[in-house]
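Reader: I'm at home at the bench but new to reading structures. Could you walk me through one, feature by feature?
Author: Gladly. Let's look at it together.

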Amino acid sequence: MNPPLPFVEFRFKQYNITKGGNMGKTKSLKLFLVVMLVSSLSLNFFFIFRVFLVGDQLSWSRRAAAEAEEVAAISCSGHGRVYLDSFRVDADKPPVCECYACFVGPDCSQTLTDCVADADGGNPLFLEPFWMRNAASSAVLTAGWHRLGYSFSDGSFISEELEKHIRQLHDIVGNAVTQGRYIIFGVGSTQLLNAAVHALSAQNSSSPANVVASIPYYPIYKQQTEFFRATDFNFGGDASLWRNNSDATTSLIEFVTSPNNPDGQLKEAVLHGPNVKYIYDRVYHWPHFTAISAQADDDLMLFSISKITGHGGSRFGWAVVKDENVFQRMTAYVSMNTMGVSRDTQLRTLQLIKVVLKDGGKEIFDFGYTTLRSRWEKLNETLSISKRFTLQEIGAQYCNFFNKIRGPSPAYAWLKCEREEDKDCYAVLKAAKILSRRGSLFGAEEQYVRLSLLKTQDDFDILVHRLKELISEGGAIPMAEM
């Protein structure tokens, strides 16, 4: 005989049913058990019916998810990736691997021993391992009918939900004040740079505003300003050259990049006065790049998803603006230029920020900081055995986000060739099969170059290997020692 169910035992004890007990209570108990059995069967039937019914309705998402999983499962030996839009040899065959630099072959398993270490550019691929671990929570699946229109239901080009999450992100990290500020989205911070210059320039002025930045400065400030050739502004060069300007009628717009690109320094404005306006480029003002000592509260601040999560290809940035008139002029610029940011991009950005927020940013910022800190220490260790090259000095600082003193973890190395004969540092490194970015592009001397620490681990390992070869000057170090 099967033992009675615990539930039944409990009810018997509750009703005190014993041999020769109250028959009325026994009938009540039987009725109760029948009701419970019928309810249980009905509930189970409902859930089974719901699974099959909803399953049919979601068949399109299952097929899309299966395709994404199939592509993600393709092995590229850890030296490349396959994407849904990667090249296919045949329509009926899976896409092929896209190999990282210095690796080739169908599965990227073959090493090119004579390849160039590419330390140019700012591709933030160092965060890729984090997103591999968080593939499920960061995935976005959309139907073909998702956001077909040009705008959201309120007529704007900005997702209210995404704006809310961006404000939450700044509040949790503590790197910028957003309360009582306007937020505008852009196609990366790149679009917003010129939108800000446009908004701060006087309209119909007889003399254009001079856009300036302190050396070394991010090259696109100069390149973009000169490219658009607007009548309202032009590039005025090094900000320090305007420090003693006595003409109060000269309008000045100063870019202040903090942390700075290329040297990671926390910079402040050089110019002051009623004729000076500021654009604070704070795309690197996050815990994995620098210590967060206080909330920035500047009139106009720029940020980018590429430097927070590594998704540079999504092309999403935002500005935090105090003045309503400046906000309206920037909004008009973005509207006329691109009619806002892609709705698909905004959806993906929203999902990425949700992942960052789920643990208060601890996981991603700790991973990013640990990775960049390790690379910075390794690079310093490599170059310390030679006096031929030096790096910028960045001190340790207390970080409010991590609640501790943390060492430097810059996005870039600002390297200087110290030898008199190495006046063209870019050429010196290129001869050693290292691709860098010239110091002259940043307004600095040719003895300087910028090396990116943001790329894949493979890229960084190859960079260190080439630097060791260059420093040793006694022959190549075997690739196995990388």
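Reader: Let me start with a single residue: is Arg438 buried, partly exposed or exposed?
Author: Keep in mind as we go that this is a predicted model. To place a residue, look at its relative accessible area: under 20% is buried and over 50% is exposed, with partly exposed in between. Arg438 has a relative accessible area of 27%, so this residue is partly exposed.

Reader: Which residue does Arg438 form a salt bridge with?
Author: The partner is Asp424, and the closest N and O atoms of the two are 3.1 Å apart. Asp424 sits in the loop between β16 (412-417) and α13 (425-431), while Arg438 belongs to strand β18 (residues 437-438), so the salt bridge ties together parts that are 14 residues apart in sequence. Asp424 is partly exposed too, at a relative accessible area of 28%.

Reader: Now the strand around Arg438. How do strands in a sheet hold on to each other?
Author: Strands of a sheet pair through backbone hydrogen bonds, and the pairing can be parallel or antiparallel. Here, β18 and strand β19 (residues 448-452) run antiparallel and are joined by two bridges. Arg438 has Val449 as its bridge partner in β19.

Reader: In what order do the strands of that open sheet come?
Author: The order is β13-β16-β19-β18, four strands with antiparallel pairing. At the edges are β13 (389-391) and β18, each of which pairs on one side only.

Reader: And where could I look for parallel pairing?
Author: Try strand β7 (residues 209-213) and β8, which pair in the parallel sense over five bridges. One place to find this pairing on screen is Val211, whose bridge partner in β8 is Phe235. Together with helix α8 (residues 219-228), β7 and β8 make a right-handed β-α-β unit.

Reader: Why is strand β8 described as largely enclosed by the rest of the structure?
Author: Count its buried residues. Strand β8 covers residues 233-238, and five of its six residues are buried, so the strand is largely enclosed by the rest of the structure.

Reader: Back to charges. How many salt bridges does a search of the whole structure find?
Author: The search finds 18. One of them joins Arg88 to Glu67, with 3.8 Å between the closest N and O atoms. This pair links distant parts of the chain, 21 residues apart: Arg88 is in the loop between β1 (80-81) and β2 (98-99), and Glu67 is in helix α3 (residues 59-72). Arg88 is partly exposed at 28% relative accessible area, and Glu67 is also partly exposed, at 39%.

Reader: What does the salt bridge between Arg133 and Glu363 tie together?
Author: First find the contact: the two side chains meet at 3.9 Å, N to O. Arg133 is in helix α4 (residues 128-133) and Glu363 in helix α12 (residues 362-383), so the pair ties together parts that are 230 residues apart in sequence. The two ends fall into separate exposure classes: Arg133 counts as exposed at 52% relative accessibility, whereas Glu363 is partly exposed at 28%.

Reader: Which residues are linked in a network of salt bridges?
Author: Those are Arg181, Asp297, Asp299 and Lys322.

Reader: Let's turn to empty space. How can one see where it is left?
Author: The general idea is to roll a probe the size of a water molecule over the atoms, which shows where empty space remains. In this model, the count comes to two cavities of 30 Å³ or more. The largest cavity has a volume of about 60 Å³, and its lining includes Pro259, Asn260, Tyr284, Phe289 and Tyr412. By class, that lining has seven nonpolar, three polar and no charged residues.

Reader: And what is the volume of the second largest pocket?
Author: About 220 Å³. This pocket is lined by 13 residues, and those nearest its centre are Ser258, Leu266, Lys267, Arg282 and His285. Its lining has six nonpolar, four polar and three charged residues.

Reader: One last spot: where does Leu112 lie?
Author: Leu112 is in the loop between β4 (110-111) and β5 (117-118), and it is partly exposed, with a relative accessible area of 38%. From Leu112 to Ala101 is 8.6 Å in space, C-alpha to C-alpha, and eleven residues in sequence.

Methods: Residues numbered from 1 in each chain as written. Predicted model: local features only at pLDDT ≥ 70, side-chain atom pairs only at ≥ 80, totals over all residues. Heavy atoms only, no water. Buried < 20%, exposed > 50% of the residue type's maximum accessible area, 1.4 Å probe, protein only. Pairing = 2+ DSSP bridges. Right-handed = clockwise from strand over helix to strand, strands pointing away. 1 Å grid on protein atoms, 1.4 Å probe; cavity = no way out; pocket = protein on both sides within 12 Å on 5 of 7 lines; lining within 4 Å. Points joined across faces, edges and corners; volume = space filled by probe spheres on them. Nonpolar A, V, L, I, M, F, W, Y, C, P; charged D, E, K, R; others polar. Salt bridge = Lys/Arg side-chain N within 4 Å of Asp/Glu carboxyl O.
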